[in-house]
Amino acid sequence: MPLTRVTLRQFEALVAIAELHSFAEAGNRLGLTSSAVSQLVAELESVLGFRIFDRTTRRVALSSAGRDFLASAESVLRHVQAAEKTADDLRNRAAGIVRVGAPLVLASMALPAAIRAYTASRPKVVVRVVDTPVDALIDHVANGDLDIAIGPNRATGAHVAGTPAFDSPWVLWCAPQHPLARRRRVKWTDLRDTPLVAAGRDHERSVAQMRVSAPPDARITSIDVVDNVTTALGVASQGLAATLTPGYVAALANAFGLEMRRVIAPETIRQVCVYRPLSRAASPAAEGFAAFLLDWLPKWNENVMRAA
């Protein structure tokens, strides 16, 4: 039986007549004339090879075969309606899976709060956080391992676009008993004889660049390097050294009881961006969450800095 000739409209006519027991009323529901509905049923009966309805001058009722077939037709329409709803959700960014990469602080402090806020109104969107080193963010977005990423401003190449989300000044973290904790702001010259610990090669490079741009009399001492920012903050909390990070790390550093001091003369700013692929089309869900992050992240950073 060539069921490829069966149409959804024919199934809709079948279900409507079965419920309403009238070709005319079924036509009103479907926006068709009764003769058009009759034609749809005749075509369906021709393809199926059996009569669906028993017709009398007073009533239209399902035949025995029609009653047996009705459940299958209703099942097909339910699946089609579910597919339409899924497509509508995807089209309107209300459903889908989004893989978001971020380094430690943003992945642990910013993203979970952003996901909770976003999925409160879009519960069918599943956002998965992928812990990603700063050096790997761009490559993972380019090769499709990540749908979007959040991280410091980096060169993106031809396959990834970075959109600035917020700026964050580099700050010094030190224990309350540290000599620099008594100052409201710290200058680069104040760091000349201050032991510092950096978190990861990305921070090491950033601080090294700041050292180069600092005044000749403000060359700071050599930096010890640890893998994680939490280790650097822990070392600083014991007064063994101070550490330099972007200001948004306050979301994590406050738990260590550290004092934050902005480093000025000159002040150095780190820009945080949202990265999206250029070489492939992002899903509507990913585009929706990226747009949300660009609006949400600046407010998050402002709240973090105000609290610090």
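These legends walk through several close-up views of one predicted model.

**View 1. The whole chain, before zooming in.**
Let's start with the overall tally for this predicted structure. The chain's secondary structure adds up to 10 helices and 12 strands. How much of the chain is buried? Of its 308 residues, 45% count as buried. The accessible surface is about 15400 Å², and carbon and sulfur atoms hold 51% of that area. Now look at contacts between residues with a separation of 6 or more: 76% of these link residues 24 or more positions apart.

**View 2. Helix 2 meets helix 3.**
When two helices pack, the angle between their axes and the distance between the axes describe the arrangement. Here the pair is helix 2 (residues 23-30) and helix 3 (residues 34-48), with axes that come within 8 Å and cross at roughly 100 degrees. Angles of 65 to 115 degrees count as roughly perpendicular, so helix 2 and helix 3 are roughly perpendicular to each other. Which residues make the contact? Helix 2 brings F23, A24, A26 and G27, while helix 3 brings S34, V37, S38 and V41. Sorted by class, that contact has 5 nonpolar residues, 3 polar ones and no charged ones.

**View 3. H21, in the loop leading into helix 2.**
Step back a little along the chain and you reach H21, in the loop between helix 1 (8-20) and helix 2. Have a look at the backbone here: H21 has a positive phi of about 55 degrees, although H21 is not a glycine. Is H21 buried, partly exposed or exposed? The relative accessibility of H21 is 35%, so H21 counts as partly exposed.

**View 4. Q10 in helix 1.**
This view is centred on Q10, which belongs to helix 1. With a relative accessible area of just 3%, Q10 is buried. What does Q10 touch? Setting aside neighbours within four places in sequence, Q10 is in contact with R5, L40, E43 and L44.

**View 5. P103, between a strand and a helix.**
P103 sits in the loop between strand 3 (95-102) and helix 5 (104-119). Is this loop residue buried or exposed? The cut-off for buried is under 20% relative accessible area, and P103 has 13%, so P103 counts as buried. Leaving out residues up to four places away in sequence, P103 touches T132, V134, L137, I150, G151 and P152. Take L137 from that list: P103 and L137 are 34 residues apart in sequence, yet their C-alpha atoms are 8.4 Å apart in space.

**View 6. L172 and the residues around it.**
L172 is part of strand 6. The relative accessible area of L172 is 0%, so this leucine is buried. Not counting neighbours within four places in sequence, L172 has plenty of contacts to trace, among them L180, V186, L191, A242, L244, M260 and V263. How far apart are L172 and M260? In sequence they are separated by 88 residues, but in space by 5.7 Å, C-alpha to C-alpha.

**View 7. L180, a loop residue that touches L172.**
Follow the chain on to L180, in the loop between strand 6 (160-174) and strand 7 (186-187). L180 has a relative accessibility of 6%, so L180 counts as buried. Beyond residues up to four places away in sequence, L180 touches L172, C174, V186, D190, L191, T194 and R261. The C-alpha atoms of L180 and E259 are 9.1 Å apart, although 79 residues separate the two along the chain.

**View 8. A cis peptide bond in the loop after strand 11.**
Which peptide bond is cis? The one from A265 to P266, with omega near -5 degrees. P266 is in the loop between strand 11 (259-264) and strand 12 (269-277), and A265 lies between strand 11 and strand 12 as well. A265 is not a glycine but has a positive phi of about 60 degrees. The relative accessible area of A265 is 43%, so A265 is partly exposed.

**View 9. Two cysteines, C174 and C273.**
A disulfide is a covalent bond between the sulfur atoms of two cysteines. How many disulfides turn up in the whole structure? A search finds 0. C174 has 0% relative accessibility and so counts as buried. C273, at 2% relative accessibility, counts as buried too.

Definitions and conventions. Residues are numbered from 1 along each chain as its sequence is written. This is a predicted model: local features need pLDDT of at least 70, side-chain atom pairs count only at pLDDT 80 or more; totals for chains, interfaces and linings use all residues. Side-chain values use heavy atoms; hydrogens and water are left out. Axes are lines fitted to C-alpha atoms, for helices over the stretch in contact, and angles run from 0 to 180 degrees between N-to-C directions. Helices (H or I, at least four residues) and strands (E, at least two) are DSSP runs, numbered from the N terminus. Angles under 35 degrees count as roughly parallel, over 145 as roughly antiparallel, 65 to 115 as roughly perpendicular and the rest as oblique. Contact means heavy atoms within 4.5 Å. Ala, Val, Leu, Ile, Met, Phe, Trp, Tyr, Cys and Pro count as nonpolar, Asp, Glu, Lys and Arg as charged, and the others, Gly among them, as polar. A disulfide is a pair of cysteine sulfur atoms within 2.5 Å. Buried means under 20% relative accessible area, exposed over 50%, partly exposed in between (1.4 Å probe, protein chains only). Accessible areas come from the Shrake-Rupley method with a 1.4 Å probe; for residues, only the protein chains shown count as cover.
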